[in-house]
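Reader: Hello! I would like a close look at a single part of this model, with its surroundings worked in as you go.

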Amino acid sequence: MVDDGATQEKAGGAGAPGRQAAGDVWVFAYGSLMWNPGFAFAERCEARLVGAHRTLCVYSFHHRGTPEAPGLVLGLDLGGSCRGIAYRVAAADWPETHAYLTAREQISGVYREVDRRIRLMDGSGRDTAAVAYLVNRAHPQYARGLSLEDQLHLVRRSHGKSGPNADYVLATVAALEHLGLSDPALAFIARHLVPAHPVPETAPDDGSGPI
């Protein structure tokens with residue numbers, strides 16, 4: 001496992017490290033949480049995580065696809081780095097927020113909830129621990145080694161509880177562009193989805209997982 005030595009995996013429920021927070025908790029977002037967090041936060045800023053990268057590597061059987069026609073959603077996979085959004089959640093709000101994130105992101109256990117060090121890109125130079133969701137490579141929903149053409153096929157055809165898979169990808173690309181960032185693989189897929197699937201004007205109200 002490629003790591004910077006700053007990872008602590010969560011073992012589970014309320015008694016696990018960080019669950020009964022003594023202070024505020026940071027959450028690192030790299031997908032739908034950037035544009036549809038769904039929880040209250042005290043602070044929001046751009047952040048960078050080293051040791052994992054954003055990629056369409058999770059088969060979606062729920063939010064953006066079905067078991068019969070899986071969609072494809074983002075995960076943090078090992079290696080490289082990732083720019084995203086960090087949210088600071090007040091300690092008093094953390095139990096409710098964690099319950100929400102668990103229900104939204106941990107439907108099948110395809111993500112591992114871990115503590116990772118992030119750098120806040122707000123000019124302060126702050127480094128802090130943050131809750132992040134890394135893909136579990138041993139899980140059957142881990143989509144290893146798909147070509148961009150295969151990814152495009154899955155995204156284009158799929159629809160789940162939270163809507164079309166294409167909307168998920170296009171909204172994420174729009175969120176990245178708003179930050180002045182570009183993900184070449186996602187941009188390739190987005191170019192082939194437009195104009196058939198224009199970027200949604202508003203984010204969905206329901207949990208649109210993952211991250």
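Reader: Let's take helix α2, residues 94-105: what span should its 12 residues have at 1.5 Å a residue, and how far apart are its end C-alpha atoms? Please go on from there to whatever α2 packs against.

Author: Happy to! Please keep in mind that this is a predicted model.

Let's begin with the length. Helix α2 holds 12 residues, 94-105, and at 1.5 Å a residue they should span 16 Å. The end C-alpha atoms of α2 are 16 Å apart, so the expected span and the model agree.

Next come the sides of the helix. Trp94, Thr97, His98, Leu101, Arg104 and Glu105 are the buried residues of α2. Because these residues cover an arc of only 130° around the axis, they sit on the same side of α2. The spacing fits a general rule: an α-helix has 3.6 residues a turn, so residues three or four places apart point the same way. Pro95, Glu96 and Ala103, on the other side of α2, are exposed. For burial I am using a cut-off of under 20% relative accessible area, and for exposure one of over 50%.

What does the buried side meet? The buried residues of α2 pack against β2 (25-29), α1 (32-35), β4 (71-89), β5 (111-120) and β6 (127-135). Several of these partners deserve a visit of their own.

Take β4 to start with. This strand is mostly covered, with 15 of its 19 residues buried. Its pairing with β2 is antiparallel and runs over 5 bridges; within it, Ala29 has Ile85 of β4 as its bridge partner. On β4 there is also a pairing with strand β3 (residues 43-60), again antiparallel, made of 16 bridges. Two examples help to place it: Arg54 is bridged to Leu76 of β4, and Arg48 is bridged to Arg83 of β4.

β3 also leads back to another partner of α2. Strands β3 and β5 run antiparallel and are joined by 3 bridges, and Ala47 has Leu120 of β5 as its bridge partner.

One residue of β4 is worth a stop. Leu72 lies in this strand and counts as buried because its relative accessibility is 0%. Leaving aside residues up to four places away in sequence, Leu72 touches Leu56, Val58, Tyr59, Ser60, Ala143, Leu146, Gln151, Leu154, Val155, Asn165 and Tyr168. One of these, Ala143, is 71 residues from Leu72 along the chain, yet their C-alpha atoms are separated by 8.2 Å.

Some of those contacts bring us to another helix, α3 (residues 148-157), where Gln151, Leu152, Leu154 and Val155 are buried. Seen down the axis of α3, these buried residues fall within an arc of 165°, so they line one face of the helix. Their cover includes β3, β4, α4 (165-178) and α5 (184-193). Strand β4 is therefore a shared neighbour, being among the elements that the buried residues of α2 pack against and among those covering the buried residues of α3.

Now back to α1, another partner of α2. Ser32 has its place in this helix, and with 0% relative accessibility Ser32 counts as buried. Ser32 and Thr172 are 140 residues apart in sequence, but 6.3 Å apart in space, C-alpha to C-alpha.

As a computational chemist you may also be curious about pockets. The largest pocket has a volume of about 190 Å³. Its lining has 16 residues, and His62, His63, Ile107, Ser108 and Gln141 lie nearest the centre. Our helix takes part here: β3 and α2 each supply at least two residues of that lining. The biggest contribution is that of β3, with 3 residues.

Finally, a step back to the whole chain. There are 5 helices and 8 strands, in the order β-β-α-β-β-α-β-β-α-β-β-α-α from the N terminus on. Of the 211 residues, 49% count as buried. Among contacts with a separation of 6 or more, 76% come from residues 24 or more positions apart. The pairs Leu72 and Ala143 and Ser32 and Thr172 show such separations along the chain.

Technical notes
Residues numbered from 1 in each chain as written. Predicted model: local features only at pLDDT ≥ 70, side-chain atom pairs only at ≥ 80, totals over all residues. Heavy atoms only, no water. Helix = DSSP H or I, 4+ residues; strand = E, 2+ residues; numbered from the N terminus. Expected span 1.5 Å × (residues − 1). Buried < 20%, exposed > 50% of the residue type's maximum accessible area, 1.4 Å probe, protein only. Arc of directions from axis to C-beta. Contact = heavy atoms within 4.5 Å. Pairing = 2+ DSSP bridges. 1 Å grid on protein atoms, 1.4 Å probe; cavity = no way out; pocket = protein on both sides within 12 Å on 5 of 7 lines; lining within 4 Å. Points joined across faces, edges and corners; volume = space filled by probe spheres on them.
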